[in-house]
Amino acid sequence: MSAIPPRLEIRNLIRRFDGQPVVNDVSLKVSPGQVTCLLGPSGCGKSTTLRMIAGVEMQDEGEIYVDGNLICDTVFRVPPERRHIGLMFQDFALFPHLTVGDNVAFGLAGSKEQKRARVEELLDKVGLTRFIDGYPYLLSGGEQQRVALVRALAPRPKIMLMDEPFSGLDNRLRDDIRDQTLEILKQEDAAVLLVTHEPEEAMRMADEIALMRDGRIVQQGAPYNIYNAPRDKQAVAFFSDINVIRGKVKGALTETPFGQFLAPGVPDGNEVEIVIRPQHLKIEFDRSGKGPLPTPQHGAAARGEVVRARFMGAESLIEIRMDYDGSILKATVPNVFLPNPGRVLWLMFRRDRCFVFPAG
Ligand SMILES: Nc1ncnc2c1ncn2[C@@H]1O[C@H](COP(=O)(O)OP(=O)(O)OP(=O)(O)O)[C@@H](O)[C@H]1O
């Protein structure tokens, strides 16, 4: 019995500019109906990866397969227009001299009636049928974006490549359009590779996130796993603010003002960094100069004084200067909690919510 090959597979792609690899041994697979987000900071090689798959940039090494068939290596190359790939970029442009309907029909083959039916079907999905005979300038930015999306999907591409497709939209529109886009992508069953530098976008859209840094995929998995089992400090920091507490290891344990932490596999004498997100620090009130007693789940409490507290809308952010070394830790709590500067508070850490990494 042979397994069904992934819709898109790239193997060991390398692209160098001036001798420097900007995409460095990148491999990944995407199945039909699956959205994979390439997530990483600006300049890490995301767009170059997408451009190689689209066929507008040639790799120096590696192969690209669609449904198990080689479409490009360093010798053989299917031209971009025969790859059955739909493209959507931030600076998409509708043809201003064509009607909305003709824009969507642009890449379609078939009879006039067949084309019209497909255009109507897609415009209906994005609620824009009334504009079918109008021109793009009549549409808002969000509406144009939706037309660009269905134009790319009209020829039923096997693969959709999307590069920061929502970054031109204002915040209010963005969430709705993301959700609607996701629904249509799922209905159309394309394999989607979406490039973004925004973690919230990747969390919202992706079935799988491939975290990219310096030309490499450093971690890949479901959003839940990437968020909750990050492989290093940078991976934690990519999704939220972080607090870092350092400690030295002795007998697979490290002693800190917050009690002991397990540091399995780290040799004695080496330093570790204990990383915790602000929402996982637990704030306790001072009880006549004392903090709460240690617990197995939260360890020991460390004393500090409030430096600043700000209301952020859904949560409050409290910055606390710690007695033990004068460093500032950040904690967030839901709703409103605005203690005055100078107030004494005690912080504890949930052991199951912090990450211990060898110090790098
Ligand atoms: N044609 C080129 N010639 C030389 N360097 C290039 C070329 N194209 C891209 N680069 C460089 O390769 C690196 C990766 O660029 P790329 O656009 O793939 O990154 P990115 O992760 O998509 O970033 P952004 O989100 O800012 O577009 C950058 O340092 C960029 O300057």
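Colleague: Which helix gives the largest share of the shell around the ligand?
Modeller: This is a predicted model. Three residues of the shell come from one element, and that is the largest share. The element spans residues 46-54. It is helix H1.

Colleague: Which residues are around the ligand?
Modeller: The list includes Lys46, Ser47 and Thr48, and helix H1 covers residues 46-54. Ahead of these come Gly40, Ser42, Gly43, Cys44 and Gly45. The others are Phe17, Val22 and His197.

Colleague: How many residues of each class does the shell around the ligand have?
Modeller: Glycine counts as polar here, and cysteine as nonpolar. Gly40, Gly43 and Gly45 are therefore polar, and Cys44 is nonpolar. The shell comes to three nonpolar, seven polar and one charged.

Colleague: How is the protein divided into domains?
Modeller: The protein has 360 residues. Its secondary structure comes to eight helices and 20 strands. The division gives domain 1 (8-237) and domain 2 (240-358).

Colleague: What separates the centres of domain 1 and domain 2?
Modeller: The C-alpha atoms of the protein fill a box of roughly 80 × 45 × 45 Å along the principal axes. The centres of the two domains are also taken over C-alpha atoms. Their separation is 40 Å.

Colleague: Which classes make up the side of domain 1 that touches domain 2?
Modeller: Five residues of domain 1 are in contact with five residues of domain 2. On the domain 1 side, no polar residues appear. That side has three nonpolar and two charged residues.

Colleague: What does UniProt list for residues 8-239?
Modeller: Over this range the chain is 34% helix and 28% strand. The end C-alpha atoms are 27 Å apart. The UniProt entry is unreviewed, and its feature reads "domain: ABC transporter".

Colleague: Which residue in S2 is the bridge partner of leucine 8?
Modeller: Strand S1 (residues 8-17) runs antiparallel to strand S2 (residues 20-30), with eight bridges. S1 also joins strand S4 (residues 61-66) by five bridges, again antiparallel. Leucine 8 stands opposite valine 66 in S4. In S2, the partner of leucine 8 is valine 30.

Colleague: Which residue takes a positive phi in the hairpin of S1 and S2?
Modeller: Most residues other than glycine have a negative phi. The hairpin of S1 and S2 has two residues between the strands. One of its residues takes a positive phi near 50°. It is aspartate 18.

Colleague: Which residue takes a positive phi in the hairpin of S9 and S10?
Modeller: Five bridges join S9 (residues 208-213) to S10 (residues 216-221), and the strands run antiparallel. Isoleucine 209 has glycine 221 as its bridge partner in S10. Two residues lie between the strands, and the phi is near 50°. The residue is aspartate 214.

Colleague: Why does histidine 84 count as partly exposed?
Modeller: Histidine 84 lies in the loop between strand S5 (69-72) and strand S6 (85-89). Its phi is positive, about 55°, although it is not a glycine. Buried takes 20 or more C-beta neighbours, exposed 12 or fewer. Histidine 84 is partly exposed because its count inside 10 Å is 16.

Colleague: Is asparagine 335 buried or exposed?
Modeller: Asparagine 335 sits in the loop between strand S18 (328-334) and strand S19 (344-349). Its phi is positive too, about 65°. Within 10 Å there are 9 other C-beta atoms, so asparagine 335 is exposed.

Terms used: Residues numbered from 1 in each chain as written. Predicted model: local features only at pLDDT ≥ 70, side-chain atom pairs only at ≥ 80, totals over all residues. Near = placed C-beta within 6 Å. Helix = DSSP H or I, 4+ residues; strand = E, 2+ residues; numbered from the N terminus. Domains from an automatic or database assignment. Contact = placed C-beta atoms within 7 Å. UniProt positions renumbered as here; feature names shortened; annotations may be inferred. Pairing = 2+ DSSP bridges.
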